[in-house]
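Here are some short exercises to help you find your way around a new structure. Try each task on your own, then walk through the solution below it.

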Amino acid sequence: MMRDEKFEQKKIIKENWSHELVAGESYNIISTNWLKQWMAYVNFNDQTPNGINGSSNHHHTPSSSSSSSHTTIDQDNSSNSNNNPSDKPESIYNRDLIEGIDSEGEFIISKKVLEKDDYEIIPNRVWTLLEGWYKGGPEIKRKCIELGLRNEKIVEVKPMILNIKYSQSLYNLLNINKSSSSSSSTATVQQQFKDLPSPPQNGYDFIYQKSRKSTLLEFKEYICKKENIDSTKLIIYNNNPQKSKPIKKYFETLEDLKFESVNNLYLDMDPSSSKDHKFFGKVKKIFKKSSSSSTSSSSSSSSKGSVSSATNGHHAETNGHNHKDNASSSENSPSYSSNGKEIVLHKSVCGLTNLGNTCFMNSSLQCLAHTTPLIEYFLSGKYINDINKTNPLGMKGQIAEIYGKLMKDMWSGTPCVSPKHLKWIIGKYAPQFCGISQQDSQELLSFLLDGLHEDLNRVQKKHYQEEKDENKETRADSIVATEQWDNHLKRNQSIIVNEFQGQYKSTLVCAKCSKVSITFDPYMFVTLPIPVPTERVFEVLLFRNKPDAGGIGPDPNGVYCFNNAMAPIRFCLKLHKREDVEALRSGLSKLTGIQSSCIALGETFKNKISTFLNDQRSLMSIKDRDITIAYELPIAGDDISRIHVLHKRRGELILLPYVLLLKYSETTTKDLYRMIWERIGHRVKKGWKQAVKKTISKENISNSSSSSNSSNNNNNNSTPIISSSTTANQKDEESAISSPTDISQFGEEDDTSSVTDDESFENTVYPFILRTTNAYGMDCDRCKDCKGCIIKCDDSLLTSLYKNPKYWRDGCSNVTLDWRPEALEFFDATELEDPNSQFTIQHQTTELKTEFKSEINLNDCFSLFTKNEKLGPNDTWYCPQCKAHIEGSMKKLELWSAPKILVIHLKRFHFVHRHEKITAFVDFPLDNLDISKWVLNKNGGPYNYQLYAVSNHMGGMGAGHYTASVKNRDQWFLISDSSYHSIEKSKVKSSDAYVLFYELKPQENANITNSTLNNNHATTTTTTTTTTSTSTP
């Protein structure tokens, strides 16, 4: 495509990329990896359109800072092999995002994929344009809906899944067969995507995807219209009708019915409309019995003021909640009115069910569940009198009620409970936490504590606090701090304020007039930045060429190719984080002696080459855990073509790809097999030849007895698909791909007993076949409904295979190496990224990886936290003296007072060009954390804390897992959702530590109250001109 056409594509897409989400409109899902390649191809610059909406948590246009700006190419330097424009992307490939098909023929998005990391949301107009230019797919559409009290607009990427089972009576009434339950639309899609699971499956007859904002009545009417039955006769149960009552609240949305991400529903007909009275009579008795017990328990429970707990329609809505097991266990447990600390110390740990990527919530809940004063407050029932249902900033008391019930369940002695009611109510008021997407445990904790505070705020009517004019007189910090804290308490009084809140001292200095403004604001977390080095170690895996004595030209076997086999070498280079790719390329050139212009640096994605890195790209875009791939590719003439070689095993790509540069006009397919075998042969153990020989012998015997059928089948199977169930005729064609390879070429790696002893096997065979595929390695680049045309091993030149060859400046061709099933047991698939891989040479520079470690402790973090910070253009401060927003003002944040419960949030996730995680180990004390030196108000000290819980995050951005380390009865436990085990103290500290929970240690012969903790009458000599402001939560 010409340069002006690329520019035109970029221009058209930007014009059609809307800025805001519109409720009810459809949007498309597209692979992030493909979109990145396209953006690099058209040189998408920093003027990327703004997000589709202004939401901070969903669905922005892919920011140019994440990958598009970093893949910007300097097209004026296209003469250099390393600065030429990125390749034109293949057809759109969304297959990796899908895990199945529902009964309406719609695609089910995989639970594992994440926005930004795996997929992006684009307007339907943009999809139509891209699909028109590049074809491919499949197309995945999703609706925009409004969620939460503020009607936040989000695209419902993963609607609720309803697994539907019909009763036998319903089948009999409809006179249909269970085996014919799939719709025609499903069959059509399934025909195109044969590898995708479709209903019926897992014991259910149908699978539907429905919006959480749709009502159950809408779904019921849909089923009735589809099956042509009376809607008044259809009954819907949650799971088995013998274990639950019919769902009756048809007018409520699935969200309000507390449906989860995956729900199992049972559909039946009203007993009066069925001939099978006997069956339904039994069910009716069960319902009556269940109803009577439910009614009695409801009346007794409601008298105690318990919380409503209808679970996904299992029970009719009541004012009470009763579990028989919990009731019996509570009889033998300490009374909730007893001392809370005793209750905590005399109970065991309780796990929490993972409801679908809810480990972030479970981790935070475990930490709060081991916060002694908070547990005492909830288990004793004191919170009931404090519930504020009229607070406009609260959640009508629902958060507090459901949280209180959950805490009682967790400390009732049961080994595991489900927090689904709490998840539902949190998702209702904070839509970012609904669904099954992974979220941040600290953000969930912040919302939950704020919600508990507002629901338990004892101030029923918040009086308006008028902001005072600028006070020009000089006053002591203690006076200003006390005044602002008192103002805060006039509007906020709760257990959360008492235990979790302290005060910041914030100092701002105007860059223009030097005006100093000081405020004292409440805080609930101390978010500490982690001081990380400005330098970083980058790992590079280099694929080298075997040096040829005669330079560029045919190799000793007469093959014109630059890519003879050598084991890849792992290098480590220490560079400044703000350097660009050119510095990495130059550093690698100095270490290897290879000209910088002959080194191509690339990114891989799921074992295929994603893109080659441009010299101007920032190194900060390379993640810490990423290994950059380097290829030694000499600059060649215009008649040289590039082939990317992919590896496939049982339908999945494995190993890292590599690149071949060769002349199609001088290279045969036999040469291509040999060159690839040179790269991979050392991974195949002895014995593979005999295994392949036996398979081919059996096929030949079978084929000779049915030669006529074989002849016909060979004509029909010109592009066979390798699999364990491949037919004999297909394998016969593959066996024809024999190679006259010189056995001595492979030395000890090859079989000592050659198959060439048999006259029927005059040539050795390879343990794989080669196929022509697209860049994804899954489909043919020239045929429809083909997994890749087989490349025969003969003397045909590659020009006969590639009629219109792509030369290395224009793009590449792709060849996929498909392993024979019978040879797999002899194949070593150890990944090259594995540090212990025997197939990778470890350069001496890899020692930098272990040497480059710096010790960081909490004091280092506090020191960085209290440093002066220059505000940037996006953080301008309004100076009351200049009457304008001033850029470049200096800000300093310090602790004025500290709370009883100190929650320290280590700022591991940050955004610099892209979201990244800081994995550095931060040392923190388990006991005797003294922060007195960092607290300005000395009257409240000493501030000496002991650790009792840690929220841990393992993994990287977007893909990871949260756990909790908690202290119970002087024993530490590691809790991962529903499982837990005791651990040693030494195991509490790790580089996974994310949120630390400390409790103030009691002072001897001193009674510390909240008032002394939070100021406020300190006699300090620090004075300044201050600005008084209202402190509101």
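**Exercise 1.** How many of the residues of helix 11 (residues 359-369) are buried?

*Solution.* Before counting, a word on what you're looking at. This is a predicted model, where local features need pLDDT of at least 70, side-chain atom pairs count only at pLDDT 80 or more, and totals for chains, interfaces and linings use all residues. Residues are numbered from 1 along each chain as its sequence is written, and side-chain values use heavy atoms, leaving out hydrogens and water.

Step 1: get the terms straight. Helices (H or I, at least four residues) and strands (E, at least two) are DSSP runs, numbered from the N terminus. Buried means under 20% relative accessible area, exposed over 50%, and partly exposed in between (1.4 Å probe, protein chains only).

Step 2: count. In helix 11, 11 of the 11 residues are buried, so the helix is largely enclosed by the rest of the structure. Among them are Cys359, Phe360, Met361 and Leu368.

Step 3: set this against the whole chain. Of its 1033 residues, 55% count as buried, and the chain has 27 helices and 47 strands.

**Exercise 2.** Work out the strand order of the open sheet of four strands, and find what packs on it.

*Solution.* Step 1: the order is 10-9-12-11, with mixed pairing; two strands pair if DSSP finds at least two bridges between them. The edges are strand 10 (206-210) and strand 11 (234-238), each pairing on one side only.

Step 2: check the twist. Neighbouring strands here are turned by 30° against each other on average, direction ignored. Axes are lines fitted to C-alpha atoms, for helices over the stretch in contact, and angles run from 0 to 180 degrees between N-to-C directions.

Step 3: look for the helix. Helix 7 (residues 216-227) packs on the sheet, touching strand 9 (160-166), strand 10, strand 11 and strand 12, and its direction makes about 140° with that of strand 10. Contact means heavy atoms within 4.5 Å.

Step 4: zoom in on one pair. Strand 11 and strand 12 (residues 262-269) run antiparallel over five bridges, and Asn238 sits opposite Leu265 in strand 12.

**Exercise 3.** Explain why Cys416 and Cys510 aren't bonded to their closest cysteine sulfurs.

*Solution.* Step 1: recall the cut-off, a pair of cysteine sulfur atoms within 2.5 Å for a disulfide.

Step 2: take Cys416. Its sulfur is 6.0 Å from the one in Cys350, so that's too far for a bond. Cys416 is partly exposed, at 28% relative accessible area.

Step 3: take Cys510. Its closest cysteine sulfur, in Cys513, is 3.7 Å away, also too far for a bond. Cys510 is buried, at 3% relative accessibility.

Step 4: the tally for the structure is zero disulfides.

**Exercise 4.** Are Arg650 and Asp977 buried or exposed?

*Solution.* Step 1: place Arg650. This residue lies in the loop between strand 24 (641-649) and strand 25 (652-662), and has a positive phi of about 50° although it is not a glycine. Most residues other than glycine have a negative phi.

Step 2: place Asp977. Its loop runs between strand 44 (971-976) and strand 45 (979-983), and its phi is positive too, near 55°.

Step 3: compare the values with the cut-offs. At 68% relative accessibility, Arg650 is exposed, whereas Asp977 is buried at 11%.
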